[in-house]
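Biologist: Could you take me through the place where the ligand sits, step by step?

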Amino acid sequence: MRIAFIDGSPKIKQSTSGILLEDIKSSISQQAECIDITMHKQKLSDIQLEQLKSVDVFVISCPLYVDGIPGHLLSCLGQLEETFKNQLQINVYGIVNCGFYEGQQARYALNILENWCIKTGLIWSGGIGIGGGGGISQMPNGPRVPINKAFQEMGNNIMQKQIQKNQYVSIAFPRFLYKVAAQFGWRQLMKSNGGKPKDLNKQW
Ligand SMILES: Cc1cc2nc3c(=O)[nH]c(=O)nc-3n(C[C@H](O)[C@H](O)[C@H](O)COP(=O)(O)O)c2cc1C
């Protein structure tokens with residue numbers, strides 16, 4: 001079986017979407033052939049299109065942007081729709097991570113991926129919405145246990161091309177501490193870009 005692991009974050013380095021793909025890969029049997037595809041830009045190359053035509057499964061991992069999927073990814077999916085429409089039997093699994101603590105926030109983005117599958121004639125096979133995505137790249141394995149459990153189940157389903165229901169998980173880390181860490185992180189980021197915390201209250 002050939003599986004395309006698609007990173008749909010616009011970040012070229014250290015995206016949470018990419019980290020999560022590496023995690024789910026470890027739940028996939030070694031008999032499968034894994035192909036890495038990055039969708040960081042608005043258009044897929046001819047080589048990428050050819051690669052995607054030769055696989056049995058897509059695993060699309062992306063961040064949640066304004067309750068949907070990133071615009072550049074939507075553009076790539078539109079390109080795939082034109083190329084693939086009703087031609088291929090590919091199972092599609094989705095992983096959407098978000099900054100909010102609750103994985104449920106990703107439900108509409110998973111619906112978007114599902115609708116795209118219906119329109120393109122691909123087989124929507126279920127997804128996982130992951131909350132607490134903003135902290136995953138800095139966390140050790142412990143808080144990621146609930147995510148890895150969900151990946152284990154998805155990994156088994158992928159190997160059997162089985163359809164699963166959408167699932168929602170979050171990090172095993174207290175919600176209030178996650179919020180405190182996020183506030184701290186934003187302030188640091190603001191300072192490193194020359195801003196001040198009091199700018200947050202500015203009337204523009
Ligand atoms: C433009 C933009 C819009 C976002 N919209 C949401 C949102 O609606 N809900 C949410 O929970 N997180 C939102 N986020 C946070 C990202 O989903 C979160 O940081 C994610 O972990 C980034 O994943 P990545 O590293 O794979 O790109 C947004 C981030 C950006 C940059």
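Modeller: Sure, let's start with serine 9: an N or O atom in its side chain is 2.7 Å from an oxygen atom of the ligand. That's a polar contact, a pair of N or O atoms within 3.5 Å. Keep in mind that this is a predicted model, where local features need pLDDT of at least 70, side-chain atom pairs count only at pLDDT 80 or more, and totals for chains, interfaces and linings use all residues. Residues are numbered from 1 along each chain as its sequence is written, and side-chain values use heavy atoms, with hydrogens and water left out.

Serine 17 joins in too, with a polar side-chain atom 2.5 Å from an oxygen atom of the ligand. With valine 66, a polar backbone atom lies 2.8 Å from a nitrogen atom of the ligand. On its own the ligand exposes 650 Å², and the protein buries 73% of that (areas by the Shrake-Rupley method with a 1.4 Å probe).

Now zoom out to the shell. The ligand is surrounded by 16 residues, and the closest are Ser9, Lys11, Ser17, Leu64 and Asn97 (near means a heavy atom within 4 Å). By type, the shell splits into 6 nonpolar, 8 polar and 2 charged residues; Ala, Val, Leu, Ile, Met, Phe, Trp, Tyr, Cys and Pro count as nonpolar, Asp, Glu, Lys and Arg as charged, and the others, Gly among them, as polar.

Definitions and conventions. Polar contact = N/O pair within 3.5 Å; in protein donor to acceptor, adjacent residues only side chain to side chain.
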